[in-house]
Amino acid sequence: METNCLFCKIIAGEIPADKLYEDDEILAFRDIAPQAPVHFLVIPKKHIKGPAAVTSEDDKLIGKIMRIGNELAAKEGIDQYRVVFNNGEQAGQSVFHIHMHILGGRSMQWPPG
Ligand code: AMP
């Protein structure tokens, strides 16, 4: 657990979240400010500050995040969706604990703004 990390506090149960899935390695919860009818985040319990901080040690963990996200998307009733990892402020990262966004339930534009 990293002090002053919002998502570490959610993992620790210090801040509430609308949880969709939890096991010993991973937590998924609805985004507090949804940008689509379905918008949730899948995070590792291990504190990794962002996509660029992933190492070979995390290969299995990142694959599992993708699989859990796919399974939750199916449970949420969406089979078409956008998957986003933001890396760095310029890319839109505001919480520095790696998280995978899954957004669906509406049409999306490309490229993103
Ligand atoms: P990013 O901008 O890629 O770092 O994404 C961070 C996401 O976390 C944003 O979409 C926020 O709406 C979301 N978020 C911030 N605080 C919370 C919270 N307490 N519970 C759920 N989602 C949150």
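**Ligand site, nonpolar cores and backbone geometry**

In this predicted model, a backbone N or O atom of Ser-94 lies 2.6 Å from an oxygen atom of the ligand, a polar contact (a pair of N or O atoms within 3.5 Å). The protein buries 84% of the 500 Å² that the ligand exposes when taken alone, with areas from the Shrake-Rupley method and a 1.4 Å probe. Residues are numbered from 1 along each chain as its sequence is written, and side-chain values use heavy atoms, without hydrogens or water. Local features need pLDDT of at least 70 and side-chain atom pairs pLDDT 80 or more, whereas totals for chains, interfaces and linings use all residues.

**Ligand surroundings**

- The ligand is surrounded by 16 residues, each with a heavy atom within 4 Å of it.
- The closest of these are Asp-31, Asn-86, Gly-92, Ser-94 and His-101.
- Asp-31 places a polar side-chain atom 2.5 Å from an oxygen atom of the ligand.
- Gly-92 uses a backbone N or O atom, at 2.6 Å from a ligand oxygen atom.

**Nonpolar cores**

- The largest nonpolar core (buried Ala, Val, Leu, Ile, Met, Phe, Trp, Tyr and Cys residues joined through side-chain atoms within 4.5 Å) has 15 residues, and Ile-26, Phe-40, Val-42 and Ile-102 have the most contacts inside it.
- Strand 2 (26-30), strand 3 (38-44), helix 2 (59-75) and strand 5 each supply at least two residues of this core; helices (H or I, at least four residues) and strands (E, at least two) are DSSP runs numbered from the N terminus.
- Helix 2 gives the most to this core, with five residues.
- A second, separate core has ten residues, including Cys-5, Cys-8, Ile-11 and Leu-41.

**Ile-65 and Val-42**

- Ile-65, in helix 2, counts as buried because its relative accessibility is 1%, the cut-off being under 20%.
- Beyond its neighbours within four places in sequence, Ile-65 is in contact (heavy atoms within 4.5 Å) with Ile-26, Val-42, Ile-43, Pro-44, Phe-85 and Met-100.
- With the same sequence neighbours left aside, the contacts of Val-42 include Ile-26, Leu-27, Ile-65, Ile-68, His-99 and Met-100.

**Backbone geometry**

- Most residues other than glycine have a negative phi, and most peptide bonds are trans.
- Asn-4, which is not a glycine, has a positive phi of about 65°.
- Asn-4 is in the segment before helix 1 (6-11), and its relative accessibility of 68% makes it exposed, a class that begins over 50%.
- Trp-110 and Pro-111 are joined by a cis peptide bond with omega of about 5°.
- Pro-111 is in the segment after strand 5 (100-104).

Notes. Buried < 20%, exposed > 50% of the residue type's maximum accessible area, 1.4 Å probe, protein only. Polar contact = N/O pair within 3.5 Å; in protein donor to acceptor, adjacent residues only side chain to side chain.
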